[in-house]
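Reader: I should like to learn how to read the features of a structure of this kind. May we begin with one side chain and work outwards from there?

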Amino acid sequence: QVQIVESGGGLVQPGGSLRLSCAASGSIFSVTVMGWYRQAPGKQRELVATIRIGGTMNYADSVKGRFTITISRENAKNTVYLQMNSLKPEDTGIYYCNCHESFWNRDYWGQGTQVTVSS
């Protein structure tokens, strides 16, 4: 099992910045990809950004150039950060951290953290 703890959401004005953190622990040796997804009211959950344990990153077109995903690996814990700059109202939603095990094709999800971009 993989345990996930998210933090960093909140309310920010358009053009502002937030940083989300996701700490994964437990059976993380089989996790190959970590990332962030979001779900806006009335919409399906969508990919925001992912990063492979080896470092390859992938971004949704809507966040390219504004968001940066990074990963830190130490002490049997993987922590993924999502730096979000130049936030727009359309970035509003619940952001979920994801850990993916490629071999088992299995996903673990965090509880979600609310991001609200509004003036």
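Author: We may. This is a predicted model. Let us start with Arg38, which counts as buried because its relative accessibility is 6%, and the cut-off for buried is under 20%.

Reader: Which side chains meet Arg38 in a salt bridge?

Author: To call a salt bridge, one looks for a side-chain nitrogen of Lys or Arg within 4 Å of a carboxyl oxygen of Asp or Glu. Here Arg38 pairs with Glu46 at 2.8 Å, N to O, and with Asp91 at 2.9 Å, N to O. Asp91 sits in the loop between strand 8 (77-84) and strand 9 (93-101), whereas Arg38 belongs to strand 4 (residues 33-39), so this pair ties together parts that are 53 residues apart in sequence.

Reader: Are the partners Glu46 and Asp91 buried or partly exposed?

Author: Asp91 is buried, at 1% relative accessibility. Glu46 is partly exposed, with a relative accessible area of 37%.

Reader: How many salt bridges are found in the whole structure?

Author: The search finds five. Another of them joins Lys64 to Asp61 at 3.1 Å, N to O. In that pair Lys64 is partly exposed, at 49% relative accessible area, and Asp61 is exposed, at 65%. Shared partners also link salt bridges into one network, made up of Arg38, Glu46, Arg66 and Asp91.

Reader: What is the balance of positive and negative side chains in the protein chain?

Author: There are 11 positive and 8 negative side chains, and the centres of the two sets lie 2 Å apart.

Reader: How should I read a residue such as Ser21, and what does Ser21 touch?

Author: One places the residue in its element, then asks about its cover and its contacts. Ser21 lies in strand 3 (residues 18-26) and is buried, with a relative accessible area of 16%. Leaving aside residues up to four places away in sequence, Ser21 touches Val5, Glu6, Ser7, Trp36, Val80 and Tyr81.

Reader: What is the secondary structure of the protein chain as a whole?

Author: The protein chain has zero helices and 11 strands. Its radius of gyration is 14 Å, close to the 14 Å that the globule rule gives for 119 residues, so the chain is as compact as a globular protein of that length. Of the 119 residues, 43% count as buried. Among contacts with a separation of 6 or more, 54% are between residues 24 or more positions apart.

Conventions
Residues are numbered from 1 along each chain as its sequence is written. This is a predicted model: local features need pLDDT of at least 70, side-chain atom pairs count only at pLDDT 80 or more; totals for chains, interfaces and linings use all residues. Side-chain values use heavy atoms; hydrogens and water are left out. Helices (H or I, at least four residues) and strands (E, at least two) are DSSP runs, numbered from the N terminus. The radius of gyration is taken over C-alpha atoms; the globule rule is 2.2 Å times the number of residues to the power 0.38. Buried means under 20% relative accessible area, exposed over 50%, partly exposed in between (1.4 Å probe, protein chains only). Contact means heavy atoms within 4.5 Å. Lys and Arg count as positive and Asp and Glu as negative; His and the chain ends are not counted. The place of a charge is taken as NZ of Lys, CZ of Arg, CG of Asp or CD of Glu.
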